[in-house]
Amino acid sequence: MKKAYILLAAIICLSSCSTYKYSARSVSVDNRNIIASPTVVDVDVDYSRRITETSRRCRTQSEAIQEAQYKAITGNQIDILVDMICKVEKRGGRFTATVTGFAGHYKNSRTLYDDIRQMKEIGKEDVKNILVLRNAFEKTRTQMKVNTLSINTLSDNLSFQMFAELTLKKT
């Protein structure tokens, strides 16, 4: 009877194991006879729709992040997670990832060549101004993200009494 319980416990333990593999979109063309033309899309970002998903416990950090991204995209019927940030926790040799970002949908799909053709119709000065503004925006956004992460890290790891009593007043 004791052997039957041990056998039953072993069967339950072994049958409950499952493996999942998640992947991201990519284009890999190894055959030189196949030509993939570069595609350009515009992304319609819904800033009112913040998406957060968490992975199960995974063996590696990259598996956990990929699973959380997969769940965020498929579970919310979006094309891309925009301005994604990721939090990874390690417990007992297993990783759990939580990703947060905004919902994004692809629109206006076109080939890179069509996009270049459209850009030629726009004046060169306009394009230069757009690129300068875009670079300035990206630098500012990156710096804001670094500052936010630094503040969050400080608040998570340090418990100063002055931070606990700190309140912001609108002037």
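This passage walks through the fold, the sheet, and the side-chain pairs of a predicted model.

Starting with the overall layout, the chain is built from five helices and three strands. Read from the N terminus, these elements come in the order α-β-α-β-β-α-α-α. Of the 171 residues in the chain, 14% are buried. The chain exposes about 14,400 Å², and 56% of that comes from carbon and sulfur atoms. As for how the fold is wired, 69% of the contacts with a separation of 6 or more are between residues 24 or more positions apart.

The three strands make an open sheet, ordered 1-3-2 and paired in the antiparallel sense. Strand 1 and strand 2 (80-91) sit at the edges with a single partner strand each, so one side of each has no neighbour in the sheet. Going from one strand to the next, the twist averages 20°. Strand 2 and strand 3 are joined by 10 bridges in an antiparallel pairing. Within this part of the sheet, C86 is found opposite V99 of strand 3.

Two of the helices can be placed against the sheet. Helix 2 (residues 61-75) lies across strand 1, strand 2 and strand 3, and it runs at about 50° to strand 3. Helix 3 (residues 112-121) also packs on the sheet, where it touches strand 1 and strand 3. The direction of helix 3 makes about 60° with that of strand 3.

Turning to the side chains, there is one aromatic pair in the structure. The ring centres of Y47 and F102 are 5.2 Å apart and the planes meet at 65°, so this pair counts as edge-to-face, the class for angles over 60 degrees. Y47 belongs to strand 1 (residues 39-54) and F102 to strand 3 (residues 94-111), so the pair ties together parts 55 residues apart in sequence. The two partners are not equally covered: Y47 is exposed at 60% relative accessibility, whereas F102 is buried at 14%.

Charged pairs come next, and the model has five salt bridges. One of them links D42 and R110, with 3.2 Å from N to O. Since D42 is in strand 1 and R110 in strand 3, this bridge ties together parts that are 68 residues apart in sequence. D42 is partly exposed, with a relative accessibility of 27%, while R110 is buried at 12%.

Another salt bridge brings E67 and R56 together, and here the closest N and O atoms are 3.2 Å apart. E67 lies in helix 2 and R56 in the loop between strand 1 and helix 2, so the parts tied together are 11 residues apart in sequence. E67 is buried, with a relative accessible area of 2%, but R56 is partly exposed at 35%.

Helix 3 has a salt bridge of its own. The side chains of D114 and R117 meet with an N to O distance of 2.6 Å. Both residues lie in helix 3, three residues apart, or about one turn of the helix. D114 is partly exposed, with a relative accessible area of 30%, and R117 is exposed at 52%. Finally, K87, E89 and R91 are joined into one network by salt bridges that share partners.

Methods. Residues are numbered from 1 along each chain as its sequence is written. This is a predicted model: local features need pLDDT of at least 70, side-chain atom pairs count only at pLDDT 80 or more; totals for chains, interfaces and linings use all residues. Side-chain values use heavy atoms; hydrogens and water are left out. Rings of Phe, Tyr and Trp (its six-membered ring) pair if their centres lie within 6.5 Å; planes under 30 degrees apart count as stacked, over 60 as edge-to-face and the rest as tilted. Helices (H or I, at least four residues) and strands (E, at least two) are DSSP runs, numbered from the N terminus. Buried means under 20% relative accessible area, exposed over 50%, partly exposed in between (1.4 Å probe, protein chains only). Two strands pair if DSSP finds at least two bridges between them. Axes are lines fitted to C-alpha atoms, for helices over the stretch in contact, and angles run from 0 to 180 degrees between N-to-C directions. Contact means heavy atoms within 4.5 Å. Accessible areas come from the Shrake-Rupley method with a 1.4 Å probe; for residues, only the protein chains shown count as cover. A salt bridge is a side-chain nitrogen of Lys or Arg within 4 Å of a carboxyl oxygen of Asp or Glu.
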